[in-house]
Amino acid sequence: MSAPPTNPSKSWTVKVREKGVEALPPERLLPDGQPTYVASWIYVFGVASIASLIVIIGSGCILALKGPAWWHFTGVGHFFNSIHMWSVELFFFAMVVHLWGKYWMASWRGGRGRVWVTGAITFLVAVPAALTGYVSQQNFDAQWISTQAKDGLNSVGVGAFFNVTNFGQMYSYHILLLPIAVVGLVSAHVLLVRRNGVVPPFEIDTKKAAIAATSPDRGGPPPPPPSTATGAQS
Amino acid sequence: MSFLRPKDDTQPWKGRYQPYDLIKELCIAVGVIGLLAVALTVLFSSPDDKSSTISQWSHELPADFATAAAKELDETSDTAAYGPPYNHNGEGQHAAFLYPQKWLGVSHPINTAADFVIKPLETVPNDAALQSAVAEYKAAPEKQKKEWSEAYAKPLEEYSTAVEEKKTLPSTVSVDPSTGTVTVKASGAGPVGTMMTSLQSLAQSGGLEGGLVTSSGQFFQTDYTKPLLFMADGGLLAKRAEGLHLLGEQWGMMNETGSFPGQPWLWLYALWYQVEPFKSSENADVLVMLVMGVLSLAFVCIPFIPGINRLPRKIPIYKLIWREHYRAS
């Protein structure tokens, strides 16, 4: 005999689902069209940042599978370490260009402040994520960088609980705690972009300033109907 | 409109949409970035300069090792005088009334005399003369210990200064580079001479770094704080770093060994160390960290900072970014 179904109005699951779908209906989460103004090379750097992060995590997983010393004594290990290092460089390069681009677009406009904030915090969290990698290398770089970095961190008390000369602690931060934080922040950032849409050009402000004063809708753009997403290149 | 929420008349887009395949774009981007990373790997590889060891240090720079070890014993080394989080021998850095280093306390206690010299020597087997010297040293009053260790450290420090300033070397210290042995003529050093000679031998045998790592008694260890701090008190790491352009005045740790890009995203952090008043300040680290903390907070809060959040409107770089849109409309 099966148990009676939970009252939908009291179900936490139903509430979370309804809130989720309301905030991000599928066609907005995974759109098949985008505003015509999204036509510049600068937009490439956002997805390039995410793509770099995927390559970082992929190469990092391979390095983690074989252990932290593997790359020192095998050619294959060194190859994947090099991919890991260069994808980190590409990640920061793409992220910095992306951030500058978004600054000059004033991409926080139209209720998108949280999009900027999550992006900026991602950059700040990515810095210690990279630093912990540098001090976990088990080579001269790690020795030098850890003995130099300790002074700045100790001076503000951070060294009391974040010891850059403790390889075990740094390795844990590098392969687990900080990647989780970065991926979580990037996920939140992307979901906020999907929810609010890509910030429109300044021109929109000028043309529709009058409407702005009266329009109650300050949310993101409506999800693009598939029927309007064809042949609309301007 | 408020101070934090300036007038914002940005409207949701009601214009046209163009076809867009988000998943396809992401897959292509991963492919391109992956290929780029492989290409950079094939072209440039990545650096992996072998780590230095205490054994290497005591062989290559025996006098420097002996000087550093003597300073650890008489507790005048950088680590001995560091303060928190290693000991209470200093207050650490501060900025005005802010003493965060002191406030967070000693979390990784290190007694340089005991941890870097005496305890490792106590692990040396079958050396009655050494163990007798260690026992004599440990049993002596603090004042006597200080006199012995200072008497031994003084000629080494004079030797070190003479080497640094390229002056005539004092006759009280002689170094045999072929064997890496250091002979110190120090009167009134008590048992310290025997102890330090044994420490040099222990270091050269490779036993000291292992002893420092496992000094907590645990078989499995991942904490290299003690050997790293001991080595940082000497000159080997700095000597290598200088040759590899990694010193603080060479923009320090944002660089990487070889000609690799390192961590260029730390440029602003490293910049402050190159300019006054930070450059010559004894509290440079805490001041730079506080400045970076404020700048980081400002960076996150850019949308809410008057003036900074209006700058993109006033400097029309956006016309370049959206030139296709403006041309079409």
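Which residues are buried in helix α5 (residues 112–122) of chain B? They are B:Thr112, B:Asp115, B:Phe116, B:Val117, B:Pro120 and B:Leu121, where buried means that 20 or more other C-beta atoms lie within 10 Å of a residue's own, exposed means 12 or fewer, and partly exposed is in between, with C-beta atoms placed from the backbone. An α-helix has 3.6 residues a turn, so residues three or four places apart point the same way. The buried residues of α5(B) pack against α3 (62–73), α6 (128–139), α8 (192–205), α9 (207–213) and α10 (225–233) of chain B.

The model is predicted, so local features need pLDDT of at least 70 and side-chain atom pairs count only at pLDDT 80 or more, whereas totals for chains, interfaces and linings use all residues. Residues are numbered from 1 along each chain as its sequence is written, while chains are lettered from A and ligands numbered from 1 in the order in which they are written.

**Chain B as a whole**

Chain B has 16 helices and three strands, which are DSSP runs numbered from the N terminus (helices H or I of at least four residues, strands E of at least two). The C-alpha trace of chain B spans about 90 × 50 × 45 Å along its principal axes. Its radius of gyration is 28 Å, where a compact globule of 329 residues would have a value near 20 Å; the radius is taken over C-alpha atoms, and the globule rule is 2.2 Å times the number of residues to the power 0.38. Of the 329 residues of chain B, 36% count as buried. Among the contacts in chain B with a separation of 6 or more, 59% are between residues 24 or more positions apart, a contact being two residues whose C-beta atoms, placed from the backbone, lie within 7 Å.

**The hairpin of chain B**

Strands β2 (residues 173–176) and β3 (residues 181–184) of chain B pair in the antiparallel sense over four bridges, pairing being assigned if DSSP finds at least two bridges between two strands. The two strands form a hairpin with four residues between them, and B:Gly180 in the turn has a positive phi of about 75°. On β3(B), B:Val182 and B:Val184 make up a covered face, while B:Thr181 and B:Thr183 make up an uncovered one. Bridge partners, including one that joins the two chains, are listed here.

| Residue | Partner |
|---|---|
| B:Val173 | B:Val184 in β3(B) |
| B:Ser174 | B:Thr183 in β3(B) |
| A:Pro35 | B:Tyr17 in β1(B) |

**Where the chains meet**

Strand β1 (residues 33–35) of chain A and strand β1 (residues 17–19) of chain B run antiparallel and are joined by three bridges. The contact between the chains takes 82 residues from chain B and 96 residues from chain A. On the side of chain B that touches chain A, helix α1 (residues 22–44) of chain B gives the largest share, 12 residues. That side of chain B divides into 43 nonpolar, 25 polar and 14 charged residues, where Ala, Val, Leu, Ile, Met, Phe, Trp, Tyr, Cys and Pro count as nonpolar, Asp, Glu, Lys and Arg as charged, and the others, Gly among them, as polar.

**Domains of chain A and the core**

Chain A is divided into domain 1 (40–105) and domain 2 (106–198), with bounds from an automatic or database domain assignment. The C-alpha centres of these domains lie 14 Å apart, and 13 residues of domain 1 are in contact with 12 residues of domain 2. On the side of domain 1 that touches domain 2, the largest share, five residues, comes from α3(A), and the residues of this side divide into 10 nonpolar, two polar and one charged.

The largest nonpolar core (buried Ala, Val, Leu, Ile, Met, Phe, Trp, Tyr and Cys residues joined through C-beta atoms within 7 Å) has 116 residues, and those with the most contacts inside it are B:Ala69, B:Tyr152 and B:Met195. The largest share of this core, 12 residues, comes from α5(A). Both domains of chain A give residues to this core, so it lies between them. Leaving aside neighbours within four places in sequence, B:Ala69 is in contact with B:Val117, B:Met196 and B:Leu199.
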